[in-house]
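User: Hello! I have a model open on my screen and would like to go through it with you. Could we take it step by step?

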Amino acid sequence: MSRLQGPNALKRKRPGATSDSLTEHERIVHDVIQGKQDMGISQRDMKREINLPDNLVTKCLKSLLAKNLIKEVKNIQNRGRKHFISAEFEPSNEITGGAWYVEGSLDTEYINVLKEQCWRKIYGLKVATLEGVTDAIKRSNVSQIELSKQQIEEIVKALVLDNEVMEVKSSGTGEFASIPVGKVCYKCIGKRGYGGEPKVGTMASIPCGVCPQISHCTPDGIISPKTCVYYKKWLDF
């Protein structure tokens, strides 16, 4: 289901079995996974922590999954590795990528719709603060997912990188009369018109241009061009 039609939050699940029904080995594996809480652990790292044969760990994982005591999730940083968390936790944004990812893949369609809507709100307001854009987006009900101020800021920053919006500071006069002096504001660049094609900025041709997580992207961070599959595909293109 599209996140423009309904929420994309995973629902908290209750385990379908109790620890009393586990074998000794299953309990060991489950305890390790549960101890990692919302960060979970990959099967590869688990084998390093548990002094059990690989085939036995695999067998325990299958049993725990069948009993709904653990669940497998996609880790955006290590897509090739199986990653598990205990059933009572929801995976951390560091694992799933947060609101901009669906099942481990960057939801570019959703991001682009939000970018279009943010641009329209800024265009309509002439000069907009982040709070003004956030409020306008929430009232528009374009997304049934509750978006935070930080998430709207990430979308607006992406528009700045695309050279569609400029960041300015209020002078307190003229068009800034209702905005405190020094307050960061946003204005549209040019007049593409509603429904028109967005202006292609210097960042628009690479995946970073539609990735609101770019502000958190660093060479050695959780989000990094070294591990970004979209950036690698662009380099190989």
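User: How many helices and strands are there in the protein?

Analyst: Happy to help! This is a predicted model, in which local features need pLDDT of at least 70 and side-chain atom pairs count only at pLDDT 80 or more, while totals for chains, interfaces and linings use all residues. Residues are numbered from 1 along each chain as its sequence is written, and side-chain values use heavy atoms, with hydrogens and water left out. Helices (H or I, at least four residues) and strands (E, at least two) are DSSP runs, numbered from the N terminus, and the protein has eight helices and eight strands.

User: What is the mean pLDDT of the protein?

Analyst: pLDDT is the predictor's confidence in each residue, from 0 to 100. In this protein 71% of the residues reach 70 or more, and the mean pLDDT is 78.

User: Which residues have a pLDDT under 50, and where else is the pLDDT below 50?

Analyst: One stretch is residues 5-16, with 25 contacts in the model beyond four places in sequence; contact means heavy atoms within 4.5 Å. Where pLDDT is low, the predicted coordinates should not be read in detail. The other stretch has 27 contacts beyond near neighbours in sequence, and it covers residues 193-205.

User: What share of the residues in the protein is buried?

Analyst: Buried means under 20% relative accessible area, exposed means over 50%, and partly exposed is in between (1.4 Å probe, protein chains only). The protein has 237 residues, and the buried share is 41%.

User: At what angle do helix 5 and helix 6 pack?

Analyst: Two packed helices are described by the angle between their axes and the distance between the axes. Axes are lines fitted to C-alpha atoms, for helices over the stretch in contact, and angles run from 0 to 180 degrees between N-to-C directions. Helix 5 covers residues 108-125 and helix 6 residues 130-140; their axes are 10 Å apart, and the angle is about 120 degrees.

User: Why is helix 5 called oblique to helix 6, and which residues make the contact?

Analyst: Angles under 35 degrees count as roughly parallel, over 145 as roughly antiparallel, 65 to 115 as roughly perpendicular and the rest as oblique. With an angle of about 120 degrees, helix 5 is therefore oblique to helix 6. The contact is made by Gly132, Val133, Ala136, Ile137 and Ser140 of helix 6, and by Gln117, Cys118, Lys121, Ile122 and Leu125 of helix 5.

User: How do the residues in the contact of helix 5 with helix 7 divide by class?

Analyst: The axes of helix 5 and helix 7 (residues 149-161) come within 9 Å and cross at roughly 80 degrees, which means helix 5 is roughly perpendicular to helix 7. On the helix 5 side are Ile111, Leu114, Lys115, Cys118, Trp119 and Ile122, which meet Ile152, Ile155, Val156, Ala158 and Leu159 in helix 7. Ala, Val, Leu, Ile, Met, Phe, Trp, Tyr, Cys and Pro count as nonpolar, Asp, Glu, Lys and Arg as charged, and the others, Gly among them, as polar. The contact divides into 10 nonpolar, no polar and one charged.

User: Which residues in helix 1 and helix 3 meet?

Analyst: Helix 1 (residues 24-35) and helix 3 (residues 54-66) have axes that come within 9 Å and cross at roughly 75 degrees; that makes helix 1 roughly perpendicular to helix 3. By class, their contact has six nonpolar, three polar and one charged residues. In helix 3 the residues are Leu56, Cys60, Leu61, Ser63 and Leu64, and in helix 1 they are His25, Glu26, Val29, His30 and Ile33.

User: Which residues does Lys47 touch, beyond four places away in sequence?

Analyst: Lys47 lies in helix 2 (residues 43-49) and is partly exposed, with a relative accessible area of 27%. Its C-alpha atom is separated by 7.2 Å from that of Val57, 10 residues apart along the chain. Lys47 touches Asp54, Val57 and Thr58.

User: What is the phi of Gln37, and what is that of Asn68?

Analyst: Most residues other than glycine have a negative phi, and most peptide bonds are trans. Gln37 lies in the loop between helix 1 and strand 1 (41-42), and Asn68 in the loop between helix 3 and strand 2 (70-73). Gln37 is partly exposed at 44% relative accessible area, and Asn68 is partly exposed at 46%. Neither is a glycine, yet phi is positive: about 50 degrees for Gln37 and near 60 degrees for Asn68.
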